[in-house]
Amino acid sequence: MADSVTRPTVKIAVLVGCLVLSVASVGFAISGPASSSPYTEFSILSPDGDRLVADDYPTVGDDDGTVVVRVTNHERSTAAYTLVVAAERLDIADGSGLSVRESREVSRTTLELSDGESTTERVDVLALGDLSDDPNVRVAFWLFRGDAPADADGAGAYRSLHLWVNHTAPDAS
């Protein structure tokens with residue numbers, strides 16, 4: 001008789017133990033620290049009224065060639081950056097890709113951001129001098145941690161983006 005009473009008691013104890021363990025696991029998962037890695041957001045945006053969008057970038061012939069570069073620090077501590085903007089004239093070979101024929105620095109900006117802080121920098125991507133008439137030109141945006149090399153070419157950049165200079169207006173149809 002003692003054996004028949006012990007079996008249900010053990011089953012109930014195991015069931016209750018599993019339930020308590022499940023509740024504790026869910027509680028830990030909800031209240032535990034976030035496990036995301038530190039990072040820096042880096043984006044190219046264009047003004048659209050009073051907001052910024054990742055669309056409708058300037059075209060040669062536009063009245064305003066301004067884009068906005070946004071940098072947001074999520075590194076969990078204050079971080080220093082250098083933003084280098086360069087115009088790159090490219091050789092485009094059929095099937096073999098791109099090679100940079102000429103690179104010219106357009107601007108260089110030093111930034112220091114606290115954790116969670118954002119900043120924006122306005123850049124005129126159409127003010128490229130004699131490069132603005134070449135259809136094989138892109139604007140490179142290189143973000144370096146700390147100081148950038150004096151002759152920065154994108155090698156060693158922490159983050160990099162590029163924007164092709166569009167020489168024709170989008171089709172209105």
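Buried residues account for 29% of the 173 residues in the protein, going by a model that is predicted. The accessible surface adds up to about 11,000 Å², and carbon and sulfur atoms hold 53% of it. As for secondary structure, there is one helix to eight strands. The helix comes at the N-terminal end of the element order, and the strands follow, giving α-β-β-β-β-β-β-β-β. Contacts reach well along the chain: taking those between residues at least 6 apart in sequence, 69% link residues at least 24 apart.

Next, the interior. The largest nonpolar core has 23 residues, and the members that touch the most others are Y81, V125 and F141. Several strands feed this core, with at least two residues each from β1 (39-48), β3, β4 (79-93), β5 (97-113) and β7 (137-145). The top contributor is β4, which puts in five residues. There is also a second core, separate from the largest one and made of seven residues, A86, A140, W142 and A152 among them.

Strand β4 deserves a closer look. Of its 15 residues, 11 are buried, so β4 is largely enclosed by the rest of the structure. Its pairing can be followed strand by strand. With β5, β4 runs antiparallel, and 15 bridges hold the two together; one example is A80, whose bridge partner in β5 is E112. With β7, the pairing is again antiparallel, this time over nine bridges. Here Y81 has R145 of β7 as its bridge partner. That puts Y81 in the picture twice, as a residue bridged to R145 and as one of the core members touching the most others. As a general point, side chains in a regular strand alternate between the two faces of the sheet.

Over in strand β3, which covers residues 66-74, sits T66. Is T66 buried or exposed? Its relative accessibility is 15%, and the cut-off for buried is under 20%, so T66 counts as buried. What does T66 touch, once neighbours within four places in sequence are set aside? The contacts are P47, P58, R122, V123 and D124. Strand β3 itself is also among the strands that each supply at least two residues to the largest nonpolar core.

Conventions:
Residues numbered from 1 in each chain as written. Predicted model: local features only at pLDDT ≥ 70, side-chain atom pairs only at ≥ 80, totals over all residues. Heavy atoms only, no water. Helix = DSSP H or I, 4+ residues; strand = E, 2+ residues; numbered from the N terminus. Buried < 20%, exposed > 50% of the residue type's maximum accessible area, 1.4 Å probe, protein only. Contact = heavy atoms within 4.5 Å. Core = buried A, V, L, I, M, F, W, Y, C linked by side-chain atoms within 4.5 Å. Pairing = 2+ DSSP bridges. Areas by Shrake-Rupley, 256 points an atom, 1.4 Å probe, with all protein chains shown as cover.
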